[in-house]
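Student: I would like to go through this model and check each label against its criterion.
Tutor: Then let us look at the structure and take the labels in turn.

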Amino acid sequence: MPDAEAWQPSAALQEVAELDFDRAERRGYPEAVYCESKTPAQLRLIAAAVRERSARTLFTRATAAQARAVLAELPDAGQDEESRLLWWPAEPLAETGGLVVIAAAGTSDLPVAREAQLVARFLGRRTELVPDVGVAGLHRILNRLELLRSAAVIVVVAGMDGALPSVVAGLVAAPVIAVPTSVGYGAAFEGLAALLTMLNSCAPGVAVVNIDNGYGAGHLAAQIAANG
């Protein structure tokens, strides 16, 4: 890594952002750049600084235009269009700690579930994604019990009624991170109904992150699973 003392941000970057390059040393986990509301020009400045500092970095919630801006400065970055996530460098860390299982209630929940999975993987955890196991067909989650019970932590992603985290938490010993999504018809209120269901879970051991917050869930899961 270039000498942190010698490196100085450009004047243009200083008008846009103050990047937290010390986060990895301070917390053990690298910087993440939330791309929504940032212009492509701003993201190019940020990505250029990431390259100059050789700093492991995540870019979350990137549109196609924003992703192109990041890739213009970091052409070898990893990218997943479904989750709108980019990461640099593309090479993953060696896997350590316990298994993180991500369960998605429906196919429509997969973008958020993939975000959680890829964040946990970027942070060095082994992951398994279990798609389309919502409570409308309860046999589907019951068929995956062996895998679920092998996890150090389980991320459960669900919209609609948001009932799946309570079901999973009642079947396993591992902590469950519940992620409400904005999937659902009108009375789902863009994820608010699922959020309230999860917050009111009667199963102990359920923690809830914000609506569609796959990044937060994946990061927390990686921290929980760090020591196996």
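Student: Which residue is the bridge partner of A32 in strand 2?
Tutor: The partner of A32 in strand 2 is L58. Keep in mind that this is a predicted model.

Student: What makes strand 1 and strand 2 a pair?
Tutor: Pairing requires at least two bridges between the strands. Strand 1 and strand 2 (residues 57–60) are joined by 4 bridges, so the criterion of at least two is met. The two strands run parallel.

Student: Which helices pack on the sheet there, and what do they touch?
Tutor: Helix 3 (residues 40–53) touches strand 1, strand 2 and strand 4 (85–88), and its direction makes about 165° with that of strand 2. Helix 4 (residues 64–73) touches strand 2, strand 3 and strand 4, at about 10° to the direction of strand 4. Touching here means heavy atoms within 4.5 Å.

Student: What is the strand order of this sheet, and which strands are its edges?
Tutor: The sheet is open, with 4 strands in the order 1-2-4-3 and mixed pairing. Strand 1 (31–34) and strand 3 (78–80) are called edge strands because each pairs on one side only. Neighbouring strands are turned by 15° against each other on average, direction ignored.

Student: How is the sheet of 5 strands arranged?
Tutor: That sheet is also open, its order is 6-5-7-8-9, and the pairing is parallel. Its edge strands are strand 6 (126–130) and strand 9 (206–208), each pairing on one side only. The twist averages 20° from one strand to the next.

Student: How do you know that strand 7 pairs with strand 8?
Tutor: There are 5 bridges between strand 7 (residues 153–158) and strand 8 (residues 176–180). The criterion asks for at least two, so the strands pair. V155 stands opposite I177 in strand 8.

Student: What lies against these strands?
Tutor: Helix 9 (residues 192–199) lies across strand 7, strand 8 and strand 9, running at about 160° to strand 8. Helix 10 (residues 214–224) touches strand 5 (99–104), strand 7 and strand 8, and its direction makes about 175° with that of strand 8.

Student: Why is the charged end of R56 said to sit over the ring of F122?
Tutor: The charged end of R56 is 4.4 Å from the centre of that ring. The limit is 6 Å, with a further condition of 35 degrees from the ring normal. The distance is within the limit, and the contact is listed as sitting over the ring, so the angular condition holds too.

Student: How many aromatic pairs does the structure hold?
Tutor: The count is 0. A pair needs ring centres within 6.5 Å, so no two rings qualify.

Methods
Residues numbered from 1 in each chain as written. Predicted model: local features only at pLDDT ≥ 70, side-chain atom pairs only at ≥ 80, totals over all residues. Heavy atoms only, no water. Phe/Tyr/Trp six-rings, centres within 6.5 Å; stacked < 30°, edge-to-face > 60°. Axes fitted to C-alpha atoms, helices over the stretch in contact; angles between N-to-C directions.
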